[in-house]
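Biologist: Please take a close look at a single part of this model and describe it in the setting of the whole chain. I should like to have the backbone geometry treated with particular care.

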Amino acid sequence: MKVGIFSGSFNPVHIGHLALANYLCEYEGLDEVWFMVTPRNPLKEEKNLMDDKFRLELVKLAIEGYSKFRASDFEFHLPRPSYTIHTLDELKRTYPQCAFSLIIGTDNWSLFPRWYQSERLLTENRIIIYPRPGYPIDAESLPEGVCLASSPVFDISSTFIRRALAEGKDIRYFLHPAVYKRLTNLL
C-alpha cells in the first residue's frame with residue numbers, strides 16, 4: 001500500500017489540507033494519506049498551538065467518512081522533539097507492508113537542509129512536494145526520489161484561520177463543517 005505521510009501541526013486542519021490530500025490520493029497514486037499530527041515542530045515556535053489531542057480530534061472530525069484518510073497520533077508516542085527521520089524509521093518498522101512517502105510543501109523544501117538528518121531523509125525515503133504560494137521550485141532540479149506534485153495551489157494557512165476566528169469572522173467555508181462547528185462552539 002502506498003501511504004503519504006502528511007505531517008503537521010494542523011492547528012487547525014482546514015480545507016487546504018483536505019483538498020491537497022484528496023488530490024494526492026486521486027491524482028498522484030497514493031492509496032492513503034495519514035494526517036500525522038505533530039506534537040511540536042522543532043523548526044517552528046508555536047505560541048498558539050492548540051492541545052495535541054484537540055488537534056487530533058479536529059483531524060478525525062474532518063476526515064470522517066473518507067476511507068483514504070487516516071488521523072494519526074503516532075508521533076505522540078515517540079520521544080520529543082519529534083524528528084521526521086525517527087517517525088519514518090518507526091513507521092517502516094511498525095508497518096512493513098506500506099511504502100511511505102513524505103508529503104511536504106515547497107516552503108518546507110526551502111528549509112529542508114536544516115531538517116535533522118536531511119541527507120538520510122533524502123536517500124532513504126520518497127518525498128512528494130506540493131506547491132505553496134511564494135515558494136517556486138524547479139522540478140528539474142529535484143534529486144532522485146523527490147517529485148513535485150502537480151496539485152492546485154491552496155493559499156490557506158492555519159495562521160489565517162486562527163486570526164480570522166479570533167476576529168469573529170465567519171469562515172465556515174475554509175473549514176470542514178464539523179471542524180467549524182467544534183471550533184466555534186469553543187469561542
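Modeller: Helices are DSSP runs of H or I with at least four residues, strands are runs of E with at least two, and both are numbered from the N terminus. The model is predicted. The part I have chosen is the loop between β1 and α1, where Pro12 is found. Strand β1 covers residues 2-8, and helix α1 covers residues 15-27.

The peptide bond that leads from Asn11 into Pro12 is cis, and its omega is near 5°. Phe10 also belongs to the loop between β1 and α1. The phi of Phe10 is positive, near 45°, although the residue is not glycine. Both features deserve notice because most residues other than glycine have a negative phi and most peptide bonds are trans. Phe10 has a relative accessibility of 3%, and therefore counts as buried, the limit being under 20%.

Each of these features has a counterpart elsewhere in the chain. A cis peptide bond also joins Arg80 to Pro81, with omega near 5°; Pro81 lies in the loop between β3 and α3. Gln117, which is not a glycine, has a positive phi of about 55° and sits in the loop between α4 and α5. Gln117 counts as partly exposed because its relative accessibility is 32%.

The two elements that flank the chosen loop also help to cover a helix further along. Both β1 and α1 are among the elements that cover the buried residues of α2, as are β2, β3 and α7. Helix α2 runs over residues 52-63 and spans 17 Å between its first and last C-alpha, close to the expected 16 Å. Its buried residues are Asp52, Phe54, Arg55, Leu56, Leu58, Val59, Ala62 and Ile63.

As for the whole protein, it holds seven helices and six strands, in the order β-α-β-α-β-α-β-α-α-β-β-α-α from the N terminus. Its radius of gyration is 16 Å, which agrees with the value near 16 Å for a compact globule of 187 residues. Of the 187 residues, 47% are buried. Among contacts with a separation of 6 or more, 68% join residues 24 or more positions apart. The accessible surface comes to about 10,000 Å², and carbon and sulfur atoms hold 50% of this area.

Definitions and conventions:
Residues numbered from 1 in each chain as written. Predicted model: local features only at pLDDT ≥ 70, side-chain atom pairs only at ≥ 80, totals over all residues. Heavy atoms only, no water. Rg over C-alpha atoms; globule rule 2.2 N^0.38 Å. Buried < 20%, exposed > 50% of the residue type's maximum accessible area, 1.4 Å probe, protein only. Contact = heavy atoms within 4.5 Å. Areas by Shrake-Rupley, 256 points an atom, 1.4 Å probe, with all protein chains shown as cover. Expected span 1.5 Å × (residues − 1).
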